Amino acid sequence: MTGREVPDEYLEGYAPILAEVCATGRRLTRDELESLRTRGERAADAGYGLRALVRRHLSVTRETWPTLSATEASRILAVVEQAVDAFAEGHERAQRLSVRQEEAARREFIDDLLYGRSDLGRLAERAERFGLLLSRAHAVAVAQGGKPVEDMHPATRQVEHALISRFGERRILITTKDGRLVCIAPGDQDEVLAFFAKQAHAVTDGGQVGIGRPHPGAGGVVHSYEEALNALDLAERLQLDEPVLHAADLLVYPVLTRDRQAMADLVRNTLGPLQSARGGAQQLVDTLTAYFDSGCVAAEAARRLNLSVRALTYRLERIHKLTGANPADSVHRYTLQTAVIGARLLGWPDSEV
């Protein structure tokens, strides 16, 4: 658009103003300045670049210049500065408005896409404008750090630039939602989400990234997004410190909590007796957590808890005595471990279940 010839309508009245100023030495009036701003806005809306518009104004000024005296030349320079500044202000005002409107449209699309609130056909049409083909399967990754980020945050721009530099235009969408970084990518491009996770982990100062499974269609984006959020939620409740959490690797946890009442009964019946221990149940639940997380290796569990192996063994014996379940027994171990997972998911013993 910037290469087109600028029509005379965007310079209407400019030459007469120059002539009058040369004769009188006056400054531009408020109405003249506003008229120049308005024409600048109209030119921007029509797609004309500011450089071409300024060049055209200077060309008209140059046509007047040979006939000017030294005094008139001094006067006209001051007015040209005023005129071009007002015209550029209007042009920039229109550009800012256009950017805000584009950002609003993008944000509306993101909200509709991640919440599945819009008509699917119309959503698919809008998606192409932002680089997505909803006829394909997509997977969503969500990064969460200690501080919230938004679309204009430097972290968002840094990750977006890194992805574009690495993969070019691969129909990838980087955005933010509720203070988290979000990446939507074709479901068959695992390397994109893996790279996003690495970059996002770095710019969020060690934040975690949840990655949903690929699902087809617009509804599939919502599904994958929810899986990624659930992975982050599970990580918080289970105190998982892995930087990247794949929903596909955590499917057992939703299965365990699908029947919340049954899980609550298991926690109460299996671990409830630990509440009678001196100091309460939490210390012994933490002992079981460390024991199971270390693959039931006593020495490693003791190291994680900063205990001696003898002290850890004493705690395990205490658990056996109170619950009747022996952590070293393979049959009892499964029940205890499932109950411990349930306790962490349900927030027991801090919360009643």
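Threonine 156 counts as buried, at 2% relative accessibility. Its place is in helix α6, residues 154-167. The model that shows this is predicted. Its protein chain has a mean pLDDT of 87, and its largest nonpolar core has 29 residues. The points below go topic by topic.

**Confidence**

- In the protein chain, 97% of residues reach a pLDDT of 70 or more.
- Among the elements of the chain, β4 has the highest mean pLDDT, 96. Helix α5 has the lowest, 77.
- Where pLDDT is low, the predicted coordinates should not be read in detail.

**Threonine 156 and its surroundings**

- Setting aside residues up to four places away in sequence, threonine 156 touches Val149, Glu150 and Asp151. It also touches Ile174, Thr176 and Leu181.
- Threonine 156 is buried because its relative accessibility of 2% falls under the 20% limit.

**The largest nonpolar core**

- Five residues have the most contacts inside this core: Phe109, Leu113, Leu132, Leu134 and Ile184.
- Six elements each supply at least two residues of the core: α4, α5 (120-129), β1 (137-144), β3 (180-186), α8 (217-238) and α14.
- The largest share comes from α8, with nine residues.
- Leucine 113 touches Leu123, Leu132, Leu134, Ile184, Val221 and Val222, leaving out residues up to four places away in sequence.

**Aspartate 112 in helix α4**

- Aspartate 112 lies in helix α4, which runs over residues 70-115.
- Aspartate 112 is buried, with a relative accessible area of 9%.
- Its side chain makes a polar contact with the side chain of arginine 126, at 3.1 Å.

**Aromatic pairs**

- The whole structure holds three aromatic pairs.
- One of them joins phenylalanine 167 and phenylalanine 195, with ring centres 5.6 Å apart. Their planes stand at 85 degrees, so this pair is edge-to-face.
- This pair links distant parts of the chain, 28 residues apart. Phenylalanine 167 is in helix α6, and phenylalanine 195 is in helix α7 (residues 190-203).
- Phenylalanine 167 is buried, at a relative accessible area of 11%. Phenylalanine 195 is buried too, at 14%.
- The rings of tyrosine 291 and phenylalanine 292 also pair, with centres 5.8 Å apart. Their planes are at 55 degrees, so this pair is tilted.
- Tyrosine 291 and phenylalanine 292 are both buried.

**The two sides of helix α1**

- Helix α1 covers residues 14-24, and its buried residues are Tyr14, Ile17, Leu18, Val21 and Cys22.
- These buried residues cover an arc of only 135 degrees around the axis, so they are on the same side of α1.
- An α-helix has 3.6 residues a turn, so residues three or four places apart point the same way.
- Pro16 and Ala23 are exposed on the other side of α1.
- Glycine 25 comes just after α1 and takes a positive phi of about 80 degrees.

**Backbone features elsewhere**

- Aspartate 205 has a positive phi of about 55 degrees, although it is not a glycine. This aspartate is found in the loop between α7 and β4 (208-211).
- Aspartate 205 counts as exposed because its relative accessibility of 74% is over the 50% limit.
- Cysteine 296 is another non-glycine residue with a positive phi, here about 60 degrees. Its place is in the loop between α11 (282-293) and α12 (298-304).
- Cysteine 296 counts as partly exposed, at 22% relative accessibility.
- The peptide bond from tryptophan 348 to proline 349 is cis, with omega near 10 degrees. Proline 349 is found in the segment after α14 (330-346).

**Leucine 284 in helix α11**

- Leucine 284 lies in helix α11. At 5% relative accessibility, leucine 284 counts as buried.
- Beyond residues up to four places away in sequence, leucine 284 touches Leu274, Ala277, Arg315, Arg318, Ile319 and Leu322.
- From leucine 284 to threonine 64, the C-alpha to C-alpha distance is 91 Å. In sequence, leucine 284 and threonine 64 are 220 residues apart.

Definitions and conventions: Residues numbered from 1 in each chain as written. Heavy atoms only, no water. Helix = DSSP H or I, 4+ residues; strand = E, 2+ residues; numbered from the N terminus. Buried < 20%, exposed > 50% of the residue type's maximum accessible area, 1.4 Å probe, protein only. Contact = heavy atoms within 4.5 Å. Polar contact = N/O pair within 3.5 Å; in protein donor to acceptor, adjacent residues only side chain to side chain. Phe/Tyr/Trp six-rings, centres within 6.5 Å; stacked < 30°, edge-to-face > 60°. Arc of directions from axis to C-beta. Core = buried A, V, L, I, M, F, W, Y, C linked by side-chain atoms within 4.5 Å. pLDDT = per-residue confidence, 0-100.
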